[in-house]
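Reader: I would like to go through the reasoning behind the labels attached to this model. Please set each value against its criterion before drawing a conclusion.

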Amino acid sequence: MPELPEVETVRRGLETLILGRRILTVDIRHEKSFADDDLVEPFVTGARVTGLRRYAKVLVIDLDTAYSLVIHLKMTGQLVFRDEADAEADWGAGHPTKSFVAALPDRSTRVVFGLGERADASADDVLPDVAHTHLFFNDQRIFGWIKVVPTPAVEQLPFIAGLGPQPLDARGEPLAPAAQAAAEARFLTAARRHARAPVKAVILDQAVAAGIGNIYADEALWAARIHPATRVGDLTDQQLVAVFRAAGESMLDSLAVGGSTMATYFQVDGTPGSYLDQFAQVFRREGRPCPRCGTLIVKTRVAGRGTHLCPTCQLPRPPA
Ligand SMILES: [Zn+2]
């Protein structure tokens with residue numbers, strides 16, 4: 001599942017590729033993937049991309065019509081950019097699959113945007129009628145979606161307004177000190193409402209901390225040496241804050257290697273690799289030694305989720 005760093009990687013990549021381009025065509029190949037299709041003709045077709053933002057795992061593409069495309073990649077969503085004239089420009093990010101490099105559209109393609117040349121806002125008033133490049137929204141399992149929303153209403157969408165603090169800022173950078181302190185205070189207040197719940201379940205709650213999914217939850221708890229099943233009420237403020245900070249640090253490590261992009265998912269010889277190998281300490285590393293103590297990592301279930309931990313570094317709290 002794409003998490004905050006994967007979606008931020010999508011945002012950064014798209015910013016370099018589609019900012020300033022006009023959307024010439026919108027081909028909706030699966031209706032469930034694109035809500036509000038009646039808004040496409042008036043507010044999306046012909047619109048120019050003016051900005052790209054991210055709220056936790058939600059991507060927002062702002063248009064010069066004062067409408068925005070709000071995109072949630074969910075479990076298996078990915079965005080792939082192709083330039084017919086320049087194969088070197090091919091790019092893909094999100095859930096890593098062979099569709100990154102397959103001929104597109106393929107069976108997972110749900111929406112195709114035809115894009116014009118990138119141009120200065122002043123340069124072209126006439127729409128070219130041929131798309132030079134395409135942006136493919138692929139989604140094998142069809143949980144992801146795109147909505148068309150008036151730009152001023154984006155932050156009022158329930159799934160954005162209800163988000164807890166993010167471990168990194170809207171551009172995937174560490175928070176400034178004052179913002180960090182405010183985020184930690186909000187996180188503690190929200191987490192403390194779930195005193196009897198296992199800490200892993202609580203940090204996965206998007207109202208407690210936005211953007212943390214299964215990968216960064218496991219990584220953060222390992223870094224903070226806390227067993228994922230520990231009840232929040234048995235942890236100190238210092239321990240809880242350490243988990244929040246560690247999630248941000250692990251996300252930075254992931255961003256540094258490109259999240260799950262085409263470039264990190266495929267090895268130089270073209271065979272699929274695991275981008276997780278480049279930053280993960282425990283996630284999907286069961287049976288391999290803990291990087292800190294050498295004990296073999298185990299996989300278990302906590303809060304209904306597959307959970308990776310070091311049985312030596314992350315001792316369960318003894319019963320009181
Ligand atoms: Zn260990």
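Author: The model is predicted. A suitable place to begin is strand β4 (residues 67-72), which pairs with β9 in the antiparallel sense over six bridges.

Reader: What makes β4 and β9 a pair of strands?

Author: Two strands pair if at least two bridges are found between them. β4 and β9 are joined by six bridges, so the criterion of at least two is met. Within this pairing, I71 stands opposite I146 in β9.

Reader: To which sheet do these strands belong, and why is it called open?

Author: The sheet is an open one of four strands in the order β2-β3-β4-β9, paired antiparallel. β2 (49-55) and β9 (145-150) stand at its edges and have a single partner strand each, so one side of each lacks a neighbour in the sheet. Neighbouring strands are turned by 20° against each other on average, direction ignored. Helix α1 (residues 4-18) lies across β2 and β3 (58-63), running at about 170° to β2.

Reader: Which strands form the five-stranded sheet, and what makes a strand of it an edge strand?

Author: The order is β1-β7-β8-β5-β6, again an open sheet with antiparallel pairing. β1 and β6 (91-94) are at the edges because each has a single partner strand, leaving one side of each without a neighbour in the sheet. The twist averages 20° from one strand to the next. Helix α1 packs on this sheet, touching β1, β5 (77-83), β6, β7 and β8, and its direction makes about 150° with that of β6.

Reader: How do you know that β7 pairs with β1 and with β8?

Author: Six bridges join strand β1 (residues 21-28) to β7, and the two run antiparallel. In β7, V111 is the bridge partner of I28, and F113 is that of V26. β7 and strand β8 (residues 133-139) likewise pair in the antiparallel sense over six bridges, with V112 standing opposite F136 in β8.

Reader: Why is β7 described as largely enclosed?

Author: A residue is buried when its relative accessible area is under 20%. Eight of the 10 residues of strand β7 (residues 109-118) are buried, and the strand is therefore largely enclosed by the rest of the structure.

Reader: What makes E31 exposed or buried?

Author: Exposed requires over 50% relative accessible area. E31 has 67%, so E31 counts as exposed. E31 is placed in the loop between β1 and α2 (40-43). The C-alpha atoms of E31 and R110 are separated by 8.0 Å, although these residues are 79 apart along the chain.

Reader: How do you know that the length of α1 agrees with that of a helix?

Author: At 1.5 Å a residue, the 15 residues of α1 should span 21 Å; the end C-alpha atoms are 20 Å apart, which agrees. Because 12 of the 15 residues are buried, α1 is largely enclosed by the rest of the structure. Among the buried residues are L4, V7, V10, L14 and I18. Just after α1, G20 takes a positive phi of about 90°.

Reader: How does the same test turn out for α7?

Author: For the 20 residues of helix α7 (residues 237-256), the expected span is 28 Å, and the end C-alpha atoms are 29 Å apart, which agrees. The buried residues of α7, including L240, F244, M251 and L255, pack against α1, α4 (177-192), α5 (199-204) and α6 (214-223). G258, just after α7, takes a positive phi of about 90°.

Reader: Why is the site of the zinc ion called tetrahedral?

Author: The protein donors are the SG atoms of C290, C293, C310 and C313, lying 2.2 to 2.4 Å from the zinc ion. Four donors count as tetrahedral if all angles lie between 85 and 135 degrees. The angles among the four donor atoms here are 99 to 114°, and the site is tetrahedral. Along the chain, the donors follow the spacing C-x2-C-x16-C-x2-C. One pair links distant parts of the chain: C293 in the loop between α8 (262-265) and β10 (298-302), and C313 in the segment after β11 (305-309), 20 residues apart.

Reader: Why do C293 and C313 fall into separate accessibility classes?

Author: C293 has 36% relative accessibility and so counts as partly exposed. C313, at 12%, counts as buried, since the limit for that class is under 20%.

How values were computed: Residues are numbered from 1 along each chain as its sequence is written. This is a predicted model: local features need pLDDT of at least 70, side-chain atom pairs count only at pLDDT 80 or more; totals for chains, interfaces and linings use all residues. Side-chain values use heavy atoms; hydrogens and water are left out. Donors are N, O and S atoms within 2.8 Å of the metal (3.2 Å for Na, K and Ca); water is not among the atoms, so sites may look incomplete. Four donors count as tetrahedral if all angles lie between 85 and 135 degrees; four count as square planar and six as octahedral if opposite donors are over 155 degrees apart and all others between 65 and 115; anything else is irregular. Buried means under 20% relative accessible area, exposed over 50%, partly exposed in between (1.4 Å probe, protein chains only). Axes are lines fitted to C-alpha atoms, for helices over the stretch in contact, and angles run from 0 to 180 degrees between N-to-C directions. Contact means heavy atoms within 4.5 Å. The expected span of a helix is 1.5 Å times one less than its number of residues.
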